[in-house]
Amino acid sequence: MTTHGGFQPVFCTVVPPHVLDRLARSDDPARSGPARRTLRRDGELRTLRQVTTEFRLAAEPDTRAPSDQPARTIHDAGHRTDLPGAVVRREGEPPGQDATVNRAYSGLGATFDLYLRVYGRHSIDGEGLPLVATVHYDEQYDNAFWNGEQMVFGDGDGEVFLDFTLPLDVIGHELTHGVTQHTANLTYYGQSGALNESVSDVFGSLIKQYALGQTAAEADWLIGAGLLAPGVTGSALRSMKAPGTAYDDDVLGKDPQPATMAGYVRTGRDNGGVHINSGIPNHAFYLAAATLGGHAWEKAGQIWYDVLTGGELAERALFADFAGLTVKAARERYGDGGDEFEAVRKAWEQVGVRIL
């Protein structure tokens, strides 16, 4: 396991606070009520995560060789908030009647497969960490999160958000926060926090593309497609291909993500805009992958993975730091002046990030 400066898991949600804030101000109680409850719950969980991290005891190392098979356990919270809840499906057990349980189980497996089959990584920590998830969390909970130890899924409110196990990339996104936690440990604030979010979007999208066998040209490059209820004007939470276009809704507002540094948002909210400014490195990855063509996990994804796990990425890295390391990784893996090197270099140039 590669970490910088100690083990510091953070509480990471897929729906940004600015989206829930907007919903909480709606005149429709069917929309504002769940959003307000979700914001309160997320605040409580974020505080709890900080406390438990501060007093966390180191676990005994597991000396067994990691398996090439996942170790999944799915729990049902029964619309309460006690974690992890009752066990409803263990590794190897057949599907049951609850589609949410089955989707969570499959999503954990798809994430495990991408990291193992493509990058040779055994689970989230690289050492075979068991994958734990809880479904049916709380009442009308409008989020999914990684709390440093496990995945948790809300059922949504049915008015704005549907079941959070529906989009595979949401599952992959949140579990990748665990990969980042065990590797570069990017500080969850400002540009390093936006990189943390972007890395989760990148690999969340790659997990979906890998499961579907899609090329870069065939992929939709959307994060959370299928999550928004039919009455919402939008296609997803974010677009890597065209940041700022994922939704434009009377209640949700307009997607605020910038695609280039010209639109960089300076704010103290959302941990310094981690869910907003992540659109910039997201777009850089899309541009590189689209230029290279084929399966995005093979070249562009490999370069990003090399940087995430290579040990040189600082906890408080800026976009320019990350960009420089991707160019270096492309050169080292594929050669100076090759298609991969040029695609990565030009992608960062197009989004306005100066390479250090």
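## An asparagine in a loop

N185 is found in the loop between α4 (168-181) and α5 (190-212); helices are DSSP runs of H or I with at least four residues, strands are E runs of at least two, and both are numbered from the N terminus. This is a predicted model, in which local features need pLDDT of at least 70 and side-chain atom pairs count only at pLDDT 80 or more, while totals for chains, interfaces and linings use all residues. Residues are numbered from 1 along each chain as its sequence is written, and side-chain values use heavy atoms, with hydrogens and water left out.

Back to N185: its phi is positive, about 55°, although the residue is not a glycine. N185 has a relative accessible area of 5%, so it is buried (buried means under 20% relative accessible area, exposed over 50%, and partly exposed in between, with a 1.4 Å probe and protein chains only).

## More backbone oddities

Most residues other than glycine have a negative phi, and most peptide bonds are trans. W221 is another residue with a positive phi, near 60°, without being a glycine. You'll find W221 in the loop between α5 and β7 (222-223). With a relative accessible area of just 1%, W221 is buried.

Then there's the peptide bond from L83 to P84, which is cis, with omega near 10°. P84 sits in the loop that links β2 (72-76) and β3 (86-90).

## Around strand β2

I74 is part of strand β2, and at 0% relative accessibility it counts as buried. Which residues does I74 touch, leaving aside its neighbours within four places in sequence? The list runs A86, V87, V88, R89, V101, A104, Y105, L108, A133 and V135, where a contact means heavy atoms within 4.5 Å. I74 and N185 are 111 residues apart in sequence, and their C-alpha atoms are 26 Å apart in space.

Y105, one of the contacts of I74, also has arginines over its ring. R72 lies over the face of Y105, at 3.7 Å from the ring centre, and the charged end of R89 sits over the ring of Y105 at 3.6 Å from its centre. A charge sits over a ring if NZ of Lys or CZ of Arg is within 6 Å of the ring centre and within 35 degrees of the ring normal.

## Aromatic pairs

How many aromatic pairs does the structure hold? There are 18. For Y115 and Y119, the ring centres are 6.4 Å apart and the planes are at 50°, so this pair is tilted. (Rings of Phe, Tyr and Trp, the last by its six-membered ring, pair if their centres lie within 6.5 Å; planes under 30 degrees apart count as stacked, over 60 as edge-to-face and the rest as tilted.) Y115 and Y119 both belong to helix α3 (residues 99-119), four residues apart, or about one turn of the helix.

Y115 also forms a tilted aromatic pair with Y305, at 6.5 Å centre to centre and 45° between the planes. Y115 lies in helix α3 and Y305 in helix α8 (residues 300-309), so the pair ties together parts that are 190 residues apart in sequence. Y115 counts as buried at 1% relative accessibility, and Y305 is buried at 8%. W221, the residue with the positive phi, turns up again in one aromatic cluster with F285, Y286, W304, F322 and W348.

## UniProt domains

UniProt, in an unreviewed entry, lists residues 97-181 as "domain: Peptidase M4"; its positions are in the numbering used here, feature names are shortened, and annotations may be inferred rather than shown by experiment. That stretch, 97-181, is 41% helix and 13% strand, with its end C-alpha atoms 34 Å apart. For "domain: Peptidase M4 C-terminal", again from an unreviewed entry, UniProt gives residues 184-353. Residues 184-353 are 46% helix and 5% strand, and the end C-alpha atoms are 20 Å apart.

## The whole chain

The protein chain has ten helices and ten strands. Its radius of gyration is 19 Å, close to the 21 Å that the globule rule gives for 356 residues, so the chain is as compact as a globular protein of that length (the radius is taken over C-alpha atoms, and the rule is 2.2 Å times the number of residues to the power 0.38). Of the 356 residues, 55% count as buried. Among contacts with a separation of 6 or more, 65% come from residues 24 or more positions apart.

## How far to trust it

Mean pLDDT (the predictor's confidence in each residue, from 0 to 100) is 91 for the protein chain, and 92% of its residues reach 70 or more. Over residues 49-61 the pLDDT is below 50, and this stretch has ten contacts in the model beyond near neighbours in sequence. Residues 1-7 also stay under 50, with 25 contacts beyond four places in sequence.
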